[in-house]
Amino acid sequence: MEELRNKARELLETGTVQVVIGYARGSTAEKARAVFVCSAQQTQGLIFNEYCTQNLAVYLLKPEVKALGKPAVVARLPALRTVLQLAAEGQIADGQVVVLAVADDGKVTELADLPAVEKYLSGVSLALSAQQEELVARIEKMSREQRWAFWQEQFARCLKCYACRAACPMCYCARCVVDVNQPQWVPVAPHALGNLEWHLVRAMHLAGRCVNCGYCAEACPVGIPLNLLTLMLSREVAAEFGLTAGASTKKEYALSVYKPDDKEGFIR
Amino acid sequence: MAEFEPKIIAFVCNWCTYAGADLTGTSRIKYATNVRAIRLPCTGRIDFMLILKAFAQGADGVIVSGCHPGDCHYTAGNYHARRRWILFRKLLDYVGIDVRRITFSWVSAAEGAKWADLVNSVTEEIRKLGPFEEYRKLLPLGQEPVEVM
């Protein structure tokens with residue numbers, strides 16, 4: 001934690017960045033919240049513990065945060081991938097962000113540019129973890145009727161608060177499809193049809209772009225395991241097209257490229 | 001009660017399948033009248049939301065059809081569409097939607113007979129599956145599927 005504070009202080013004192021996006025203690029000791037540290041004195045408030053799960057890269061594109069100046073962002077693996085994916089999608093340019101990577105053992109590494117982030121991630125497996133695979137497999141083992149019942153029960157709790165969208169760093173469209181009302185693609189009211197449509201749209205729009213931070217599910221106030229949808233699609237994108245989101249700054253979005261011999265077994 | 005007549009929406013591309021369906025007609029081949037074709041410029045234009053909307057409006061089955069790989073009028077629209085379908089079909093299956101209700105196909109402008117066969121067989125398959133009650137139950141109270149024909 002001291003290492004992180006020192007790095008942050010150094011970055012702010014030297015004027016390398018104007019703001020450090022990090023974590024501070026939340027309303028209780030078991031909670032963490034995002035904090036925007038703009039001066040060296042404030043760096044004492046930075047923390048890093050197991051409750052720091054939010055993907056802070058979500059703030060990189062917010063106009064209010066951009067207005068603060070060049071940022072450094074505290075990032076674990078998913079946020080590191082987010083930075084690369086945002087760069088691949090042309091949302092961040094090299095030199096616009098410094099990343100303070102925190103490894104599982106707590107070691108802090110300052111990554112000054114995007115190639116450094118790529119290099120840092122080059123040795124890391126970005127495939128689904130065994131635990132994530134297991135979560136998806138548990139759904140797939142069900143019969144179709146069970147899956148339908150399972151998801152209907154989950155989606156029935158959806159309030160259409162769009163916390164999942166707000167929490168997601170890849171959901172940055174200035175005008176989201178659910179805000180479009182001519183035509184009204186997704187009904188506004190939280191009823192069964194609109195809820196199903198919203199979650200399918202969200203998952204499809206994140207297919208090949210999701211970096212599996214899982215923060216959509218954590219942000220959901222009613223506990224819908226939304227990450228199960230995107231995890232499955234990430235696995236499929238890797239299996240079918242050999243692509244992984246957030247692995248490099250190279251633009252290769254699974255649904256904007258193709259191979260003439262993409263395999264499928266269902267087209268008649 | 002009268003026998004259940006499936007309502008099938010076909011999203012077809014302008015250049016191949018729509019022309020193919022035209023050929024079916026000009027060749028005087030008779031086929032099931034259960035299909036309502038919606039012509040779009042290209043399969044690449046077929047947003048997955050359109051398929052969901054078809055079900056929400058009361059379709060029992062959906063056909064999505066366009067040019068064979070390599071034949072796209074816009075060079076690559078069908079390749080992009082194919083990728084989208086691979087993921088979308090998987091996602092529908094994952095949330096428990098019966099994917100037998102969606103048929104993807106390539107029908108060229110010369111395949112009038114294939115179009116008739118496709119529509120006939122899909123109609124029979126959907127007839128066996130019955131009305132898509134599961135999806136219709138999702139509709140908000142008071143909202144009925146649109147009655148067409």
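This is a tour of a predicted model, with stops at helix 8 of chain A, the contact between chains A and B, helix 2 of chain B, and a helix pair in chain A.

Begin by selecting residues 192-206 of chain A, which form helix 8. At 1.5 Å a residue, these 15 residues should span 21 Å, and because the C-alpha atoms at the two ends lie 21 Å apart, the expected and computed spans agree. Colour the helix by burial and most of helix 8 of chain A proves to be covered, with twelve of its 15 residues buried; among them are Leu193(A), Trp198(A), His199(A), Arg202(A) and Met204(A). Step just past the end of the helix to Gly208(A), where phi is positive, at about 80°.

Next, show what surrounds helix 8 of chain A. From chain A itself, the cover over its buried residues includes helix 6 (144-156), helix 7 (163-167) and helix 10 (227-241), while chain B contributes helix 2 (48-56) and helix 3 (77-94).

Now display both chains together and select the residues in contact between them: 32 residues of chain A meet 31 residues of chain B. On the chain A side, the elements that give two or more residues are helix 6, helix 8 and helix 10, and the largest share, eight residues, belongs to helix 8 of chain A. If you colour this side of chain A by residue class, you will find 22 nonpolar, one polar and nine charged residues.

Cross over to chain B and select helix 2, whose buried residues are Phe48(B), Ile51(B), Leu52(B), Ala54(B), Phe55(B) and Ala56(B). Their cover includes helix 8 of chain A, and, from chain B, strand 1 (8-13), strand 3 (61-66), helix 3, strand 4 (102-106) and helix 5 (133-136). Just after helix 2 of chain B, Gly58(B) has a positive phi of about 105°.

For the last stop, return to chain A and select helix 3 (residues 77-88) with helix 4 (residues 114-121), which pack with their axes 10 Å apart and at an angle of about 130°. That angle lies between 115 and 145 degrees, and helix 3 and helix 4 of chain A are therefore oblique to each other. The crossing of helix 3 of chain A past helix 4 of chain A is left-handed. Show the side chains where the two meet: Leu80(A), Arg81(A), Val83(A), Leu84(A) and Ala87(A) from helix 3, against Leu114(A), Val117(A), Glu118(A), Tyr120(A) and Leu121(A) from helix 4. By class, this contact has eight nonpolar, no polar and two charged residues.

Conventions:
Residues numbered from 1 in each chain as written. Chains lettered and ligands numbered in written order. Predicted model: local features only at pLDDT ≥ 70, side-chain atom pairs only at ≥ 80, totals over all residues. Helix = DSSP H or I, 4+ residues; strand = E, 2+ residues; numbered from the N terminus. Expected span 1.5 Å × (residues − 1). Buried ≥ 20, exposed ≤ 12 C-beta atoms within 10 Å, placed from the backbone. Contact = placed C-beta atoms within 7 Å. Nonpolar A, V, L, I, M, F, W, Y, C, P; charged D, E, K, R; others polar. Axes fitted to C-alpha atoms, helices over the stretch in contact; angles between N-to-C directions. Parallel < 35°, antiparallel > 145°, perpendicular 65-115°, else oblique. Left-handed = near helix turned anticlockwise from the far one by under 90°.
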